[in-house]
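Take a walk through this structure with me. Keep the chain and its ligand in view as you read.

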Amino acid sequence: MTEAMRDRLRRISVFADVGPVDFKESELPENPVPRVAEWILAAHAAGQPEPHAMSLCTVNAEGIPSSRVLLVKDIDTDRLFFATPADSRKGIEIASNPHVAAHFYWPVTGRQVRITGTASGLDRDASERDFAERGRGSRLSAHLHRPGPLPDRHTAYGEFERLDALYPDQVPCPPSWTLYAITPTEVEFWEASTDRVHHRVRYRRDADTARGAWRRELLWP
Ligand SMILES: Cc1cc2nc3c(=O)[nH]c(=O)nc-3n(C[C@H](O)[C@H](O)[C@H](O)COP(=O)(O)O)c2cc1C
């Protein structure tokens, strides 16, 4: 008789190697956004694969959410950037409702970050600069984005080969390719502790200004 799934799941250890949280309230920054960048780099240094991958949740016109993983392309003092076609599902949803939620989880460091904010597309120049920095394979594959279903895998390979021959040197930026910025209005940091007294701190600022001072509070684990 096979072991029940619930037993198999319950035996998987969690936070086995993270150690106790090294937390000092006096060291919390005023602005949480650069701290997100620091936690990505710390996860990378600790060996986390794709530490810059985040889930992004958007909401459609009927209020139904959907999420997917994206790579963060840059972070400045106020914003996180990602790139995707504007006519993708997420792009269409952002156009009808700019409110988004983003989330990182780094198992090797036992940390997560939860972000709420708004997303908006940047101008053509910024989007084309992002596109130019992509490798050739991902520039070609950006041209494979089409609405609707793919009849079979063979069709996609054929189209990739056609694009490869069509653009032997420069691959033009598809008109829909867009660099987006997320401007957070809420950022919550969570850090696992082996003593189970996990650490949470939440930063918030007014959604209408999104420029004012951040308010910070510790939360119960
Ligand atoms: C690790 C990882 C990184 C990804 N990075 C991107 C990305 O930067 N941009 C993108 O458009 N899709 C990226 N994808 C694919 C998306 O998750 C998603 O499948 C695709 O963008 C279609 O999403 P949509 O139909 O919700 O618009 C990535 C997937 C994974 C697993």
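Start at the ligand. In this predicted model, 13 residues surround the ligand, and Arg68, Thr84, Ser88, Arg89 and Lys90 come nearest. Which elements each supply at least two residues of this shell? They are β2 (65–71), β4 (80–85) and α3 (89–96). The largest share comes from β2, with five residues. The shell is mixed in character: six of its residues are nonpolar, three are polar and four are charged.

Now step back to the whole chain. The protein has 221 residues, and 20% of them are buried. Six helices and nine strands make up its secondary structure. Its C-alpha trace spans about 60 × 60 × 40 Å along the principal axes. Among contacts with a separation of 6 or more, 61% join residues 24 or more positions apart.

A record adds a label. UniProt, in an unreviewed entry, places the feature "domain: Pyridoxamine 5'-phosphate oxidase N-terminal" at residues 43–162. Over that stretch the chain is 31% helix and 34% strand. The C-alpha atoms at its two ends are 39 Å apart.

Return to β4, one of the strands that supply the ligand shell. On one side of the story is strand β3, residues 74–75. β3 and β4 pair in the antiparallel sense, over two bridges. Asp74 stands opposite Phe81 in β4. The two strands form a hairpin, with four residues between them. Asp76 lies in that loop between β3 and β4. Is Asp76 buried or exposed? Asp76 counts as exposed, because it has 11 C-beta neighbours inside 10 Å, and a residue with 12 or fewer is classed that way. Asp76 and Ala181 are 105 residues apart along the chain, yet their C-alpha atoms are separated by 9.9 Å.

β4 has another partner, strand β7, which covers residues 177–191. These two strands also run antiparallel, and six bridges join them. Here Phe82 stands opposite Tyr180 in β7.

Follow β7 into the core. The largest nonpolar core holds 25 residues. Val36, Val100, Ala102, Val113, Tyr180, Ile182 and Val187 touch the most other members. Several elements each supply at least two residues of this core: α2, β1, β4, β5 (99–106), β6 (111–121) and β7. The largest share, six residues, comes from β7. Such grouping follows a broad tendency: in soluble globular proteins, nonpolar side chains tend to be buried together.

Look closer at Ile182. Which residues does Ile182 contact, leaving aside its neighbours within four places in sequence? They are Arg79, Leu80, Val100, Ala102, Ile115, Gly117 and Ala119.

Two of those contacts, Val100 and Ala102, lead to β5. Side chains alternate along this strand. Val100, Ala102, Phe104 and Trp106 point to one face and are buried. His99, Ala101, His103 and Tyr105 point to the other face and are not buried.

β5 pairs with β1 in the antiparallel sense, over three bridges. In that pairing, Leu56 has Ala102 in β5 as its bridge partner. β5 also runs antiparallel to β6, and eight bridges join them. His99 has Thr118 in β6 as its bridge partner. β5 and β6 form a hairpin with four residues between the strands, and Gly110 takes a positive phi near 65° there.

Finish with two loops. Glu50 is found between α2 (33–45) and β1 (53–59). Its phi is positive, about 40°, although Glu50 is not a glycine. Glu50 is exposed, with 11 other C-beta atoms within 10 Å. Arg196 sits in the loop between β7 and β8 (199–204). Arg196 also has a positive phi, about 70°, and is not a glycine. With 9 C-beta neighbours inside 10 Å, Arg196 counts as exposed.

Definitions and conventions. Residues are numbered from 1 along each chain as its sequence is written. This is a predicted model: local features need pLDDT of at least 70, side-chain atom pairs count only at pLDDT 80 or more; totals for chains, interfaces and linings use all residues. Two residues are in contact if their C-beta atoms, placed from the backbone, lie within 7 Å. A residue is near a molecule or strand if its C-beta atom, placed from the backbone, lies within 6 Å of it. Ala, Val, Leu, Ile, Met, Phe, Trp, Tyr, Cys and Pro count as nonpolar, Asp, Glu, Lys and Arg as charged, and the others, Gly among them, as polar. Two strands pair if DSSP finds at least two bridges between them. UniProt positions are given in the numbering used here, feature names are shortened, and annotations may be inferred rather than shown by experiment. A nonpolar core is a set of buried Ala, Val, Leu, Ile, Met, Phe, Trp, Tyr and Cys residues joined through C-beta atoms within 7 Å.
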